[in-house]
Amino acid sequence: MRGPLGAVIGRYPSSDGNTQMGGIIRHNRKCRDIAFLVIFIAFWVAMIVNSSFGFNQGNPLRLTYGLDYKGNVCGEKHAKRDLRELELRYWLDPNQVYQSGLKSNQFKLANARSICLLDCPIPLDDQLNWVCDYPEGDIHLSMGDWINMNYDYYEFLTPEMRNTSLQLQGPCYPVIFPSVNVYWSCQFIARASNMSLRHWQQMGGVKINEDIIIDKSIHRSINSRSSVLKRYMADIGKAWPVLIVCGGILPLFLSVIWLLMIRHFVVAMPWITVALFNVLMVSVTMFYYLKAGWIGNDAISPIIGEHDPYIHVFGREINHLRAAAVLMTFIMVVAVLTSIVIVRRIIMATSVLKVAAKVIGEVQALIIFPIIPYTILAIFYMFWFSAALHLFSSGQVVQNNCNTNCCAYDLVSKRVNCDHCCGYSINYTPHIGVAILFHLFGCYWATQFLIACSSTVIAGSVASYYWAGGATSPEIPFLPVFSSMKRLMRYSLGSVALGSLIVSFVESIRFMLESIRRRLKVSSTTPDSWIGKAAFHSSRCCLRCIEWTIKSVNRNAYIMVAITGKSFCKASAIATELILNNILRIGRVNVIGDVILFLGKLCVSLSSALFAFLMLDAHKYRSGHNKITSPLFPVLVCWCLGYIVATLFFGVVEMSIDTIILSFCQDSEEHQGTAQYAPPLLMETLNDQNEMQRLTQGPH
């Protein structure tokens, strides 16, 4: 049975019966949940070790560029030969590309002989041109001279080399098919140059297969799921200036502006927030339609650089954008209709926000406090994204084990070599997948931990304000925010680590159940699959229970941790009991206020997404080696980062409201329905008799 909170966090009597001053949230405390703080520290050590593996083994260039037949990454300056400007992968032998597209053939495109070039070669109109292998051996040319000669040194070949070249065994290969730069790979266009093919046949060259298969073979490789995922990750690395501006600086500025406006224009802010939310939802949705090509002519293209306008190549990225546009349309319609429904309740939200506005006005350090966790989180995300790029590219480059005909002329040994001629691939072992999952979970836990620390500090500051009876009380510390930070650092880090770990685990389970539910939903379309249907509905029930659990153990538990100094589980039990005893009081007042705050967070994050679209529309990200394949991932990351930053700053208002209302309800319970410690500013805000009746008595 818990005792009255007011007796231990407000003015409480000392042993001699006199009222003890300076006793606000300073009763006997001790370190709680130390074991989980140790686990959190050990987790960070594991994160550093895990990230160091990525930095040691990874190479982000692999996410964008392919490998040549020697296992070098195109565009890498630290390879055996300097390839820093040679970013395009080109397959020399068109017959090998053809064979790799045949379903009946075991030959893989990864084993076809490929080299790195500066641009994709095209056939000449008046003669046959060649692309020759890297110069070495008796070919005394530098890489620069080789590039200046358009990779063609056929005239320097010996008769033996010319004969093997006519057999498509190198070192020079004819340019028969035009090619175009598609995601830094030279995509063959399956229409041979008649003039080049005629010259080739007159020289006695072997038959070259002409079929649409030669086009589809490379296209299938470029558009594989693993290749698309790598490109998406590479987009994040290329768009890092956009992430900093639209995911960090812009939401910081907008969040501070919102807090200042809620402080001075609290009556108008709910209306402004709802109107701005609808405008931003429509704007972001329209940008998805633009990039998907359904509006205007600004659809993304997989082709990089200048190309024949009659050539049309499509990639998975455009399909993903179209799916996102459809999803955004549905969300937009639901959001606009919901905002229309809550318009009638905005007056109630205004009365709730007045409470937080008055608290922020008295404890002004609350406005700038979130900059501290924001800075820590920004540093963490810079480290995390860099480590993530290296982890996603940390596979080992190994030579394939093939038994196919891939013979080619070796300029060093001066003969046709059929040994060790298989191509190279990047081998991703299972432990790399585990390391990536651990890294993703670590990001979520660290984010939740920092948000929880921020919430606990804010709750402690606001509780000091409330239980002192208002800003005029001499018991409020001069800097309540820093006093609350001190209590957190000294006593409650373990409780925060436990709470954030629980939330992270619950969210991870929810994500897995949601994935299972979607798969079962497909299987349950079969009428006889009653087991699938039962599992489907059970998983949905579990998801709802999990969501309720998250809401009940999150903010309110941190409030009680800040006020009482109890462990997370004990504080969660106290908060749950207090909520259940006053569910109607809290629900009537707090729901609409939470909706407005949620819309405010979405306004900040949608603004981040909108500006990310605008920045990614610049020439820098539409051409050259900085071209992003799709704005989808950078925009989503900016959206998420904007929401996280807004959560840090809007937590000032959320925690102020929740802490004041919980403290008010507890105060009312301890004093037979009449709050004793409620400061005059709060009483002034709640002077409406109907609203006071809702808070103190609930419905009859």
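A salt bridge here is a side-chain nitrogen of Lys or Arg within 4 Å of a carboxyl oxygen of Asp or Glu. With that in hand, welcome to the tour: the model in your viewer is a predicted one, and it holds 9 salt bridges.

**Stop 1: Lys70 and Glu136**

Select Lys70 and Glu136 and show their side chains. These two form a salt bridge, and the closest N and O atoms are 3.2 Å apart. Lys70 sits in the loop between helix 2 and strand 1, while Glu136 sits in the loop between strand 3 and helix 4 (143-148), so the pair ties together parts that are 66 residues apart in sequence. Switch on a surface and look at Lys70 again: with 28% relative accessibility, Lys70 counts as partly exposed.

**Stop 2: Lys291 and its partners**

Next, select Lys291, Asp298 and Asp617. Which residue meets Lys291 in a salt bridge at 2.8 Å, N to O? That is Asp298, through its side chain. Lys291 also forms a salt bridge with Asp617, where the closest N and O atoms are 2.5 Å apart. This second pair links distant parts of the chain: Lys291 belongs to helix 10 (residues 269-292), whereas Asp617 is in the loop between helix 20 (583-616) and helix 21 (632-670), 326 residues apart. Now add Arg622 to your selection. Through salt bridges that share partners, Lys291, Asp298, Asp617 and Arg622 are joined into one network.

Is Lys291 buried or exposed? Lys291 is buried, its relative accessible area being 6%. Asp617, by contrast, counts as partly exposed at 30% relative accessibility.

**Stop 3: the disulfide of Cys74 and Cys116**

Time to turn to the cysteines. How many disulfides does the structure hold? There are 4 disulfides, and this tour visits some of them.

Begin with Cys74 and Cys116, whose sulfur atoms are 2.0 Å apart in a disulfide. Look along the S-S bond: the torsion about it is about -80 degrees, so this disulfide is left-handed. Cys74 is in the loop between helix 2 (34-57) and strand 1 (88-91), and Cys116 is in strand 2 (residues 114-117), so the pair ties together parts that are 42 residues apart in sequence. Both Cys74 and Cys116 are buried, and hiding the surface will help you see them.

**Stop 4: the disulfide of Cys120 and Cys186**

Move along to Cys120 and select Cys186 with it. Their sulfur atoms are 2.2 Å apart, and the two form a disulfide. This link is left-handed, with -100 degrees about the S-S bond. Cys120 lies in the loop between strand 2 and strand 3 (130-132), and Cys186 lies in strand 6 (residues 185-188), so this pair ties together parts that are 66 residues apart in sequence. Cys120 and Cys186 are both buried.

**Stop 5: the disulfide of Cys407 and Cys418**

Now select Cys407 and Cys418, which form a disulfide with sulfur atoms 1.8 Å apart. Left-handed or right-handed, with 115 degrees about the S-S bond? The link of Cys407 and Cys418 is right-handed. Cys407 is in the loop between strand 7 (396-399) and strand 8 (408-410), and Cys418 is in the loop between strand 9 (415-417) and strand 10 (424-427), so the parts tied together are 11 residues apart in sequence. Check the two ends in turn: Cys407 is buried, with a relative accessible area of 14%, while Cys418 counts as partly exposed at 41% relative accessibility.

**Stop 6: Cys638, in no disulfide**

Select Cys638 and Cys246 next. Cys638 is in no disulfide, and the nearest cysteine sulfur, that of Cys246, is 5.1 Å away. Cys638 is buried, with a relative accessible area of 0%. If you would like one more cysteine to look at, try Cys603, which is buried with a relative accessible area of 6%.

**Stop 7: Thr659 in helix 21**

Follow helix 21 to Thr659. Where does the side chain of Thr659 reach? It comes to the backbone oxygen of Met655, at 2.6 Å. Thr659 is buried, with a relative accessible area of 0%. Leaving aside residues up to four places away in sequence, Thr659 touches Ala459, Val462, Ala463, Ile559 and Ile563; select these five to see its surroundings.

**Stop 8: Ser483 in helix 16**

Finish at Ser483, which is found in helix 16 (residues 480-523). Ser483 counts as partly exposed, at 22% relative accessibility. Add Ser464 for a final distance: Ser483 and Ser464 are 19 residues apart in sequence and, C-alpha to C-alpha, 9.6 Å apart in space.

Conventions. Residues are numbered from 1 along each chain as its sequence is written. This is a predicted model: local features need pLDDT of at least 70, side-chain atom pairs count only at pLDDT 80 or more; totals for chains, interfaces and linings use all residues. Side-chain values use heavy atoms; hydrogens and water are left out. A disulfide is a pair of cysteine sulfur atoms within 2.5 Å. Helices (H or I, at least four residues) and strands (E, at least two) are DSSP runs, numbered from the N terminus. Buried means under 20% relative accessible area, exposed over 50%, partly exposed in between (1.4 Å probe, protein chains only). A polar contact is a pair of N or O atoms within 3.5 Å; within protein, one must be able to donate a hydrogen and the other to accept it, and residues adjacent in sequence count only if both atoms are side-chain atoms. Contact means heavy atoms within 4.5 Å.
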